[in-house]
Amino acid sequence: MKRHLGLFTFVIVILAISVGLSAAAVTQSKGSLEQSFQKARKDYLQKDMKAAADEVRKGAAYLKSEAASARDKGKEALTASYQELEKLAGEMEKGTVKTVKELEMAFARAYNALATNSNVQSMEAWTKKEFRKAGEKLESSVDQLEKGFAWAGQKAEAGTQKVIDDSKALSKKMKEGASRASAEVGRAMKDLEDEIKTFGRKISGK
C-alpha cells in the first residue's frame, strides 16, 4: 500500500513540474515572441534546424495560448497561424524548408493574426466604454501590423501609413482616458481593420 502511495505521489509531483514548465514556456514566449522569431531565423541560416524549429514552436505555443481566449475573427486567425507554425517547425526538422523567406512570411502572418485579434479586442472594449483598454489594444494592433510589414519585407503605402499614424494618435488619446466621438473611433478602427485584412491577403500563403 505504501509502495503504491509513494508511486502515486511521485507521479503527481512529476505532473506538477511538467505543468509548471509548460506554463513557464508560454509566459516566456508571451514576453519574447520577436526574440523567438529572430533566433529561429538566425538558427535556420546557421543550418541548426532543430534549434530553429524549437524557437518556432515557442511562437506557436504563444499564439495557441492567445487563441484559447480569443473570439470570432481573432480566434480564427490565431488558430490558423499557430497551426501553420507547428507545421513549419516539423518541416524544418525534415529539411523541407528551402528558403528563409518561408520563415519570414509565416512570421509576418503570425503578426497579422495577432493584429486581427487585438483589433477585435479594441472594438469590444470600446463598445463596453472601456476606453483605456480600447486604446491599449488599438496600440497593440498597430504595433503588430508594423511588425508584420517588417517581416514580410514590405513598406506600407501612403494610405496605409496614414491609417497607422491616425490609429497611433487615437490610441494615445484613448489611453489617456478620452472617450472620443463615436463616429471618429468607429471609422478609425474600421480603417485599421481593412488595412489588416488587405495586408493579410497580400501575404497569404494560399
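How many of the 206 residues of the protein chain count as buried? In this predicted model, the share is 40%, and the stops below move from the whole chain to the core and then to a pair of acidic residues.

**Whole chain.** Begin by selecting the protein chain and colouring by secondary structure: there are eight helices and zero strands, so the view should be read as the pattern α-α-α-α-α-α-α-α along the sequence, as helices are here DSSP runs numbered from the N terminus. Among contacts between residues at least 6 apart in sequence, 72% join residues at least 24 apart. If you switch on the surface, the chain exposes about 11,800 Å², of which carbon and sulfur atoms supply 56%.

**Confidence.** Next, colour by pLDDT, for which the mean over the protein chain is 86, with 82% of the residues reaching 70 or more. Then select residues 7–30, where pLDDT stays under 50 and for which the model has seven contacts beyond four places in sequence.

**The largest nonpolar core.** Now select Leu63, Leu85 and Met92, which are the residues with the most contacts inside the largest nonpolar core, a set of 52 residues. The elements that give two or more residues to this core are helix 2, helix 3 (49–69), helix 4 (72–94), helix 5 (100–127), helix 6 (131–152), helix 7 (158–175) and helix 8 (182–202). Select helix 5 by itself to see the largest share of the core, 13 residues. In soluble globular proteins, nonpolar side chains tend to be buried together.

Centre the view on Leu63 and show its surroundings: leaving aside neighbours within four places in sequence, Leu63 is in contact with Leu33, Leu78, Ser81, Tyr82, Leu85, Ala110 and Leu114.

**Asp43 and Glu55.** Is Asp43 buried or exposed? Select Asp43 in helix 2 (residues 33–45); its relative accessibility is 6%, and because the cut-off for buried is under 20%, Asp43 counts as buried. Beyond its neighbours within four places in sequence, Asp43 is in contact with Asp48, Ala51, Ala52 and Glu55.

Follow the last of these contacts to Glu55, whose place is in helix 3. Glu55 has a relative accessible area of 9% and is therefore buried as well. With neighbours within four places in sequence again set aside, Glu55 is in contact with Ser36, Lys39, Ala40 and Asp43, and showing these side chains together with Glu55 completes the tour.

How values were computed. Residues numbered from 1 in each chain as written. Predicted model: local features only at pLDDT ≥ 70, side-chain atom pairs only at ≥ 80, totals over all residues. Heavy atoms only, no water. Helix = DSSP H or I, 4+ residues; strand = E, 2+ residues; numbered from the N terminus. Buried < 20%, exposed > 50% of the residue type's maximum accessible area, 1.4 Å probe, protein only. Contact = heavy atoms within 4.5 Å. Core = buried A, V, L, I, M, F, W, Y, C linked by side-chain atoms within 4.5 Å. pLDDT = per-residue confidence, 0-100. Areas by Shrake-Rupley, 256 points an atom, 1.4 Å probe, with all protein chains shown as cover.
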